[in-house]
Amino acid sequence: MDSAGRVKIISIELSDGELQRIEELANYSAVWVLVRLHYYPLGLLKIPLTKTFIEPGELRQLILAELQNPLLEHLLIDNQAVGLGSVGDLLAGLNAPPEKCQYRLENNYQPFATVAICTRNRAESLARVLNSIAKLDYPNFEVIVIDNAPGDSQTADLLKTNFPNFRYVLEELPGLDNARNRAISEAGGEILAFTDDDTVADPYWLQALVAAFETPDVMCVTGLVVPYELEHPAQQLFEKYGGFTRGFRRRTFHFNQRYPRTFYFYGAGEFGTGANMAFRRGLFGLIGNFDPALDVGTVTNGGGDLDIFFRVLMEKHTLVYEPAALIWHVHRADSERLQYQINGWGTGHAAFLTAALLRYPRNARIALTFSQKWFRHWPLAQYLKQRKQPEAGILPLARAETIGALLGPLKYFQARREQKRRNFLAKKQAK
């Protein structure tokens, strides 16, 4: 690809001391800077480049211009004095030991946790996420890798050779939600955290997830997902189309009886993504496991995470979005795979809405109304907009998602039939 279109991704921690010059940008058109203070992400600066470096003074001005409010809020929460005349000096003296700050996310609640990674035939990318999991800053956890209907022994060999302390589990029934359900049955932790095999975990990821479970009403926590790299046009298109990032403010979601809030729950993608989610393991005894007719490995190709978020809220539990729980995601690098993924978004979302309609028939009017509005205002609207005013590369994605959404309900019933057939065969073989 043309190197001028590449975007550099870096992360800076303001408490590390003086800002440093950002260099080695000759082959990049922009740099995205994840700005953190005491390990907490404040925001993502997107800086177009006109030269091959960024001086500390320039970076300081950009941080203050775009992130002054979250920086002030953070310092106030940490009980650090901030004088009215010192706004311009906010970045001076921030190198206090992080353990002195409330956002260290360190407390007495440190239950045993399970980290589960569900994978299939991706040993190379799996090694990257497992290396990051091995460096987690949390004292009390186990790791299980669910190898879902593999075509070879590479994942098993990888675990045996490089990660002997992580537990390998073979799940022969194909489908991501089957693998997730196997993780539920295998997990020993009070908290069960999931990430994918195409991610990199921040060292404080698990610590931040667990900290958000401090109150007993919280049953699900999701976290921030940012791009690991933007080296290829397809990766940049993914971000342009929406990406995974859901903001830098902590949010708490509850059920209430009012129509607008129930209506909002059907847009479950707003609450997070399956690449970064955690649950109290006891939750699944209350609301049931993941729906095996949804997500990758079935014809629906998505929607399993949306469905579980939706059910958490509809069953009157609390879901927290905690941006301090940070995951880096390695986006697909070629356009064909990206279109397939976005098609799966459309199919998966429509399949999830179909499942929700069947599971909560009393809310049929709400579900149908939302489904119609979602289709008109998102995939169809995107497609029609791109037909009239096309943006480079976006039209194929909008078309793929629209087609996927149209097929979603049919694909859900097809996946349910296939799942029943597989379960029948599995029970027959077990006998």
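Student: In this predicted model, what is the handedness of the crossing of H6 and H13, left-handed or right-handed?
Tutor: Helix H13 covers residues 394–430, and its axis lies 10 Å from that of H6. Seen at this contact, the crossing of H6 and H13 is right-handed.

Student: How are H6 and H13 oriented to each other?
Tutor: The two helices pack at an angle of about 60 degrees. Angles under 35 degrees would count as roughly parallel, and 65 to 115 as roughly perpendicular. H6 and H13 are therefore oblique.

Student: Which residues of H13 make the contact with H6?
Tutor: From H6 come Leu237, Lys240 and Tyr241. Facing them on H13 are Ile394, Leu397, Ala398 and Glu401.

Student: How many charged residues are in the contact of H6 with H13?
Tutor: Sort the contact by class. Five of its residues are nonpolar and no polar ones take part. Lys and Glu count as charged. The charged residues number two.

Student: How is H6 oriented to H10?
Tutor: H6 spans residues 233–241 and H10 spans residues 335–359. Their axes come within 9 Å and cross at roughly 25 degrees. Angles under 35 degrees count as roughly parallel. That makes the pair roughly parallel.

Student: Which residues of H10 does H6 touch?
Tutor: The crossing of H6 with H10 is right-handed. H6 contributes Ala234, Leu237, Phe238 and Tyr241. H10 contributes Ser335, Leu338, Gln341, Ile342 and Trp345.

Student: How many nonpolar residues are in the contact of H6 with H10?
Tutor: Charged residues are absent from this contact. Two residues are polar. The nonpolar ones number seven.

Student: Is Glu336 buried or exposed?
Tutor: Glu336 sits in helix H10. Its relative accessibility is 65%. The cut-off for exposed is over 50%. So Glu336 counts as exposed.

Student: How far apart in space are Glu336 and Pro396?
Tutor: In sequence they are 60 residues apart. In space, C-alpha to C-alpha, the distance is 9.8 Å.

Student: How many residues of E12 are buried?
Tutor: E12 runs over residues 318–329. The rest of the structure largely encloses the strand. The count of buried residues is 12 of the 12.

Student: In which sense do E9 and E12 pair, parallel or antiparallel?
Tutor: E9 covers residues 218–227. Thr222 stands opposite Tyr321 in E12, and Val225 stands opposite Ile327. Nine bridges join the two strands, and the sense is parallel.

Student: In which sense do E8 and E12 run?
Tutor: Three bridges join E8 to E12. At this pairing, Ala201 stands opposite Ile327 in E12. The two strands run antiparallel.

Student: Which residue in E12 stands opposite Arg251?
Tutor: Strand E10, residues 251–253, pairs with E12 in the antiparallel sense. Three bridges hold that pairing. Opposite Arg251 in E12 stands Tyr321.

Student: Which residue in E11 stands opposite Val221?
Tutor: E9 is largely enclosed, with 10 of its 10 residues buried. Three bridges join E9 to E11, residues 276–280, and the two run antiparallel. Opposite Val221 stands Ala278.

Student: In what order do the three strands of the open sheet lie?
Tutor: The edge strands are E1 (7–13) and E3 (40–48), each pairing on one side only. Neighbouring strands are turned by 20 degrees against each other on average, direction ignored. The pairing is mixed, and the order is E1-E2-E3.

Student: Which residue in E3 stands opposite Val33?
Tutor: E2, residues 30–37, pairs with E3 in the antiparallel sense. Eight bridges join them. Opposite Val33 stands Leu45.

Student: Which strands does helix H1 lie across?
Tutor: H1 spans residues 56–77. It runs at about 160 degrees to E3. The strands it lies across are E1, E2 and E3.

Student: How many residues of H2 are buried?
Tutor: H2, residues 123–133, is mostly covered. Among its buried residues are Leu126, Val129, Leu130 and Ile133. The buried residues pack against elements including strand E4 (113–119), strand E5 (141–148) and helix H3 (154–162). The count is eight of 11.

Methods: Residues numbered from 1 in each chain as written. Predicted model: local features only at pLDDT ≥ 70, side-chain atom pairs only at ≥ 80, totals over all residues. Heavy atoms only, no water. Pairing = 2+ DSSP bridges. Helix = DSSP H or I, 4+ residues; strand = E, 2+ residues; numbered from the N terminus. Axes fitted to C-alpha atoms, helices over the stretch in contact; angles between N-to-C directions. Contact = heavy atoms within 4.5 Å. Buried < 20%, exposed > 50% of the residue type's maximum accessible area, 1.4 Å probe, protein only. Parallel < 35°, antiparallel > 145°, perpendicular 65-115°, else oblique. Left-handed = near helix turned anticlockwise from the far one by under 90°.
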